[in-house]
Amino acid sequence: MNNQEKLDQIRKNILENKNLSLRESATNLVFGKGNSDAEILLIGEAPGEKEDLQGIPFVGRAGKELDKLLHMINLSLEEVYIANILKYRPPKNRDPKQSEIEEHTPYLIEQIKVIEPKVIVTLGNFATKFVLAGFDSNKMKEIDGITKLRGNPVKVSVDNAKFTVIPIYHPAAVLYRPAWREQLEEDFQKIGKLLQEKDKYSGKQ
Ligand code: URA
């Protein structure tokens, strides 16, 4: 099976899990989008209204911001994969509950094991804490908040997987805190630079 087929199987498994929290109130499963062989994985929090209606992550206002930022560092959907902590929209976009994170993240972990990214960009507090806690939702409270961690790449190894995590503000945050835009753009430039260095060392042009 290739990566796309493996991801399709995970998507099917989620759809077959009739008891998964938030499923009842949601319109569609929001599984992920992008290249299943990408070296860069971006992880958001949870689908919003537009994502829920279309079944695709980051298609609303936050998605437009994210598209602009990716474009700024010459990245397209061909080169990244984008997924969320929660696979279904929480009512009225409220924060994910601990129990929901525990139920939904095993699927995210399966996605990560298939994609095997070299770089994971975590968007906002929930994704950052989950990944830096070594994919253990019970340890998330031990991790600092995004305002402290943003823009600083961290090398992480979990089981046999090694990758670099870059925590950044969630693109939705700049919609209501415009002062953060500059920092978010700065952090994206850092991501671009890190990727260039990675290519340099791996001999790619
Ligand atoms: N915000 C997220 O975290 N994920 C989405 O898919 C859309 C908005």
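In this predicted model, the end C-alpha atoms of residues 31-189 sit 27 Å apart, and the span is 39% helix and 19% strand. UniProt, in an unreviewed entry, gives these residues the feature "domain: Uracil-DNA glycosylase-like".

The strands come together as an open sheet of 6, and reading across it the order is β1-β3-β2-β4-β6-β5, with mixed pairing. At the edges stand β1 (33-34) and β5, each with a single partner strand, so one side of each is left without a neighbour in the sheet. For β1 that partner is β3, and the two pair in the antiparallel sense over 2 bridges. Here G34 has Y81 of β3 as its bridge partner.

Moving inwards, β2 is joined to β3 by 5 bridges, and these two strands run parallel. On its β3 side, L41 stands opposite Y81, the residue that also serves as the bridge partner of G34. With strand β4 (residues 119-123), β2 again pairs in the parallel sense, this time over 4 bridges. L41 turns up here too, standing opposite I120 in β4.

How buried or exposed is strand β2 (residues 40-44)? Of its 5 residues, 5 are buried, so the strand is largely enclosed by the rest of the structure. The cover is on both faces: I40, L42 and G44 are buried on one side, and L41 and I43 are buried on the other. For a residue to count as buried here, its relative accessible area has to be under 20%.

At the other end of the sheet, β5 and β6 pair in the antiparallel sense over 5 bridges, with K155 standing opposite T164 in β6. The two strands form a hairpin, and 2 residues lie between them. One residue to look at in that turn is D159, with a positive phi of about 50°, a value found here in a residue other than glycine. D159 belongs to the loop between β5 (154-158) and β6 (161-168). Its relative accessible area is 69%, so D159 is exposed, the cut-off for that class being over 50%.

A second non-glycine residue with a positive phi is N74, where the angle is near 60°. N74 is in the loop between α3 and β3 (80-84). Its relative accessibility comes to 64%, which means that N74 also counts as exposed.

Among the helices, α5 is well covered: 7 of its 9 residues are buried, so the helix is largely enclosed by the rest of the structure. The buried set is made up of G124, F126, A127, T128, K129, F130 and V131, and a lysine is thus listed alongside phenylalanines and a valine. Which elements do the covering of these buried residues? They include the strands β2, β4 and β6, together with α4 (98-115) and α6 (146-149). After α5 comes G134, whose phi is positive, near 70°.

Helix α5 (124-132) also has a part in the largest pocket, as one of the elements giving two or more residues to its lining; the others are α2 (49-54), α3 (61-72) and α7 (173-176). This pocket has a volume of about 690 Å³. It is lined by 29 residues, and those nearest its centre are E45, A46, A62, H170 and A172. By residue class, the lining divides into 13 nonpolar, 8 polar and 8 charged.

Towards the start of the chain, N17 lies in the loop between α1 (3-16) and β1. What does N17 touch, once its neighbours within four places in sequence are left aside? It is in contact with R23 and Y107. With a relative accessible area of 22%, N17 is partly exposed. The C-alpha atoms of N17 and K190 are separated by 39 Å, and the two residues are 173 apart along the chain.

Key:
Residues numbered from 1 in each chain as written. Predicted model: local features only at pLDDT ≥ 70, side-chain atom pairs only at ≥ 80, totals over all residues. Heavy atoms only, no water. 1 Å grid on protein atoms, 1.4 Å probe; cavity = no way out; pocket = protein on both sides within 12 Å on 5 of 7 lines; lining within 4 Å. Points joined across faces, edges and corners; volume = space filled by probe spheres on them. Nonpolar A, V, L, I, M, F, W, Y, C, P; charged D, E, K, R; others polar. UniProt positions renumbered as here; feature names shortened; annotations may be inferred. Buried < 20%, exposed > 50% of the residue type's maximum accessible area, 1.4 Å probe, protein only. Pairing = 2+ DSSP bridges. Contact = heavy atoms within 4.5 Å.
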